[in-house]
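These are my notebook entries on one protein model. I set down each look-up in the order in which I made it.

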Amino acid sequence: MALLSPDDVHAALRDLPGWRFLDDAIVKEFTFAGFPEAVAFVTRLVPGSEAADHHPDLAVSYRRVTVTFTTHSEGGVTAKDIAGARMADSCA
């Protein structure tokens, strides 16, 4: 999978509100009503991540979930990460 240029990443993020390009990754913090809703969101991410064989880094802090996508094998952001961000948004 080809690494996207920073310009390509920024262009893709125009259609993904709340996502930031940071340290060779794309990151978004999702906020929910409480801890159960945050964990339910993480659970909704599992099927799509498994189907794509591409898994985000997740940090759960009470009602917030920070989702980070990067393609470690490529050392940065690829089309898989952009697709993962779209999937995460749809799960929220």
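**Entry 1. A loop with positive phi**

In which loop is D23 found? I located D23 in the loop between β1 (20-22) and β2. I note at the outset that the model is a predicted one.

I then looked up the backbone of D23 and read a positive phi of about 50°, although D23 is not a glycine. Most residues other than glycine have a negative phi. I checked D24 next, which is found in the loop between β1 and β2 as well. D24 also has a positive phi, here of about 60°, and is not a glycine either.

For exposure, I recorded a relative accessible area of 71% for D23, which is therefore exposed. D24 has 48% and is partly exposed, since the exposed class begins over 50%.

**Entry 2. Overall layout**

I counted three helices and four strands in the protein. Read from the N terminus, the order of elements is α-β-β-α-β-β-α.

I next asked what extent the C-alpha atoms have along the principal axes. They fill a box of roughly 35 × 25 × 20 Å. The radius of gyration is 13 Å, and a compact globule of 92 residues would have one near 12 Å, so the two agree.

I also looked up burial and found that buried residues make up 38% of the 92 residues. The accessible surface comes to about 5200 Å², and carbon and sulfur atoms account for 54% of that area. Of the contacts between residues at least 6 apart in sequence, 63% join residues at least 24 apart.

**Entry 3. Strand pairing**

Which way do β3 and β4 run, parallel or antiparallel? I found them antiparallel, joined by five bridges. Within this pairing, A59 has T66 in β4 as its bridge partner, and V60 has V65 in β4.

I then turned to β2 and β4, which also run antiparallel and are joined by six bridges. Here E29 has T66 in β4 as its bridge partner. T66 is thus listed as a bridge partner of both A59 and E29.

**Entry 4. Salt bridges**

How many salt bridges does the structure hold? I found two.

One of them joins K28 and D89, whose closest N and O atoms are 3.0 Å apart. This pair links distant parts of the chain: K28 belongs to strand β2 (residues 25-31) and D89 to helix α3 (residues 79-91), with their positions 61 residues apart in sequence. I compared each partner with the burial classes. K28, at 14% relative accessibility, counts as buried, because buried means under 20%. D89, at 24%, counts as partly exposed.

In the other salt bridge, the side chains of E29 and R64 meet at 3.7 Å, N to O. E29 lies in strand β2 and R64 in strand β4, so this pair ties together parts that are 35 residues apart in sequence. I recorded E29 as partly exposed, with a relative accessible area of 46%. R64 is partly exposed too, with 36%.

**Entry 5. The β3-β4 turn and a nonpolar patch**

Where does Y62 lie? I placed Y62 in the loop between β3 (57-61) and β4 (64-69). The hairpin of these strands has two residues between them, and Y62 takes a positive phi near 55° there. At 55% relative accessibility, Y62 counts as exposed.

I then searched for contacts of Y62 beyond its neighbours within four places in sequence, and obtained G34, F35 and A38. I also took one C-alpha to C-alpha distance: Y62 and E37 are 9.5 Å apart in space and 25 residues apart in sequence.

Which residues make the nonpolar surface patch of about 370 Å²? I listed F35, V39, V60 and Y62. F35 appears both in this patch and among the contacts of Y62. V39 is found in helix α2 (residues 35-52) and, at 32% relative accessibility, counts as partly exposed. V60, a further member of the patch, is the residue whose bridge partner in β4 I entered above as V65.

How values were computed:
Residues are numbered from 1 along each chain as its sequence is written. This is a predicted model: local features need pLDDT of at least 70, side-chain atom pairs count only at pLDDT 80 or more; totals for chains, interfaces and linings use all residues. Side-chain values use heavy atoms; hydrogens and water are left out. Patches are made of residues with over 30% relative accessible area and no salt bridge: like charges are joined within 9 Å, nonpolar side chains (Val, Leu, Ile, Met, Phe, Trp, Tyr) within 5 Å. Accessible areas come from the Shrake-Rupley method with a 1.4 Å probe; for residues, only the protein chains shown count as cover. A salt bridge is a side-chain nitrogen of Lys or Arg within 4 Å of a carboxyl oxygen of Asp or Glu. Buried means under 20% relative accessible area, exposed over 50%, partly exposed in between (1.4 Å probe, protein chains only). The radius of gyration is taken over C-alpha atoms; the globule rule is 2.2 Å times the number of residues to the power 0.38. Contact means heavy atoms within 4.5 Å. Two strands pair if DSSP finds at least two bridges between them.
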